[in-house]
Each structure stands twice: as structure tokens, then as C-alpha cells.
Amino acid sequence: MYYVDGSTVRRTQYQAVPERRRRPQQPARRPKRTPENVTYPKAAARAERSLYFDRGYMMVLGIALLVMIISCVVMLTLQSKVSNQERNIHSMQEEIQDMEANNAAYSDLLESKYSLDKVYTVATKELGMVYSQKGQIVYYESANEDYVKQLKDVPEAN
């Protein structure tokens, strides 16, 4: 089909052009692969078998799945135990803080209740105790510094 180009619109002129006939293309046929026509029949047979799920594969897959499920359950139980322990630790720490605050309050109360002046007056006036005089204190040297055991009366100082 040809047409003439110009400034006016004209009818298209058809001319017969010889048609080329093409042969229909057919897809190349490959022979069906079977273990007999392959150069390595054992490898082909092995490859053919590997395409299917056999019992051994399913057993390994099942065991792996079972191990994974058991490990997940163990992990979740351990995680819950850890969170419970953390809660217990937190509550015990709060309890310790409360006890320390109570201890400090009781200690302040005891310190304010008994002063050294009051102890001195009770010891000297009510109990009749007196300070030691010069020469009444005797010092001993001991091999064991933890305590001194008195076996005899203390000798008088010169």
C-alpha cells in the first residue's frame, strides 16, 4: 500500500505488492528427559527423587519443627519466670527502703531520747558512779588484743 503526499488531500492509491509467505514457526521439540537418555542417569534419577517429599525429609522437618516449638515454649516460660522475679525484687527493694527509713527514724528517736548529759547525771547521781582518779587505771600488754581474761586480783599501783 502506497500513498502520494502533497498539499491537497487525495485518495490513497493502492498498488498490489507481492506478499511474502512465511512458514509458521513451530516450537522446537525437545525429547522428554528420562533417566535413559540423560548422559548421567544416576544424577538424573537423584534429581527426580529430590523433587518429591519423602519420609526421611518429612521426619527431619517434623523433628526440627518440634524442637523449635519446644524451645519457644521453654523460652516463654523462662521469660515469665524472669519477669516474676523482677517484680519480686522490685517489691523487696521497696520493702528494704521502707525498713531503712523506719530504722533511721527509730535511731533518731533513740538519739534524741538519751543524751550524754542525761546518762552522766543518772550514772553519777542515781547509781553513785564516779570518774576514775589518776593512778587508778592500770594498762596491761596482752598478746591477744581482742580481750583480757582476769585470773587474779589486779595489783595496786605504786
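**View 1. A nonpolar patch on the surface of the predicted model.** In this predicted model, four residues come together as a nonpolar surface patch: Phe53, Tyr57, Met58 and Leu61. The patch covers about 440 Å². If you are zooming in on side chains, these four are the ones to pick out here.

**View 2. Leu61, a patch member in helix 2.** Let's stay with one of the patch residues, Leu61. Leu61 sits in helix 2, the element that spans residues 55-113. Is Leu61 exposed or partly exposed? Its relative accessibility is 44%, so Leu61 counts as partly exposed, since the exposed class begins over 50% and the buried class lies under 20%.

**View 3. Val130, beyond helix 3.** Now move along the chain to Val130, found in the segment after helix 3 (116-126). Val130 counts as exposed because its relative accessibility is 75%, and the cut-off for that class is over 50%. How far apart are Val130 and Tyr120 in space? From C-alpha to C-alpha the two are 9.6 Å apart, with a separation of 10 residues in sequence.

**View 4. Stepping back to the whole chain.** Here is the setting for the close-ups. The protein has three helices and zero strands, and from the N terminus its elements follow the order α-α-α. Of its 158 residues, 1% count as buried. The protein exposes about 17400 Å², and carbon and sulfur atoms supply 56% of that area.

Terms used. Residues numbered from 1 in each chain as written. Predicted model: local features only at pLDDT ≥ 70, side-chain atom pairs only at ≥ 80, totals over all residues. Heavy atoms only, no water. Helix = DSSP H or I, 4+ residues; strand = E, 2+ residues; numbered from the N terminus. Buried < 20%, exposed > 50% of the residue type's maximum accessible area, 1.4 Å probe, protein only. Areas by Shrake-Rupley, 256 points an atom, 1.4 Å probe, with all protein chains shown as cover. Patch = residues over 30% accessible without salt bridge, like charges linked within 9 Å, V, L, I, M, F, W, Y side chains within 5 Å.
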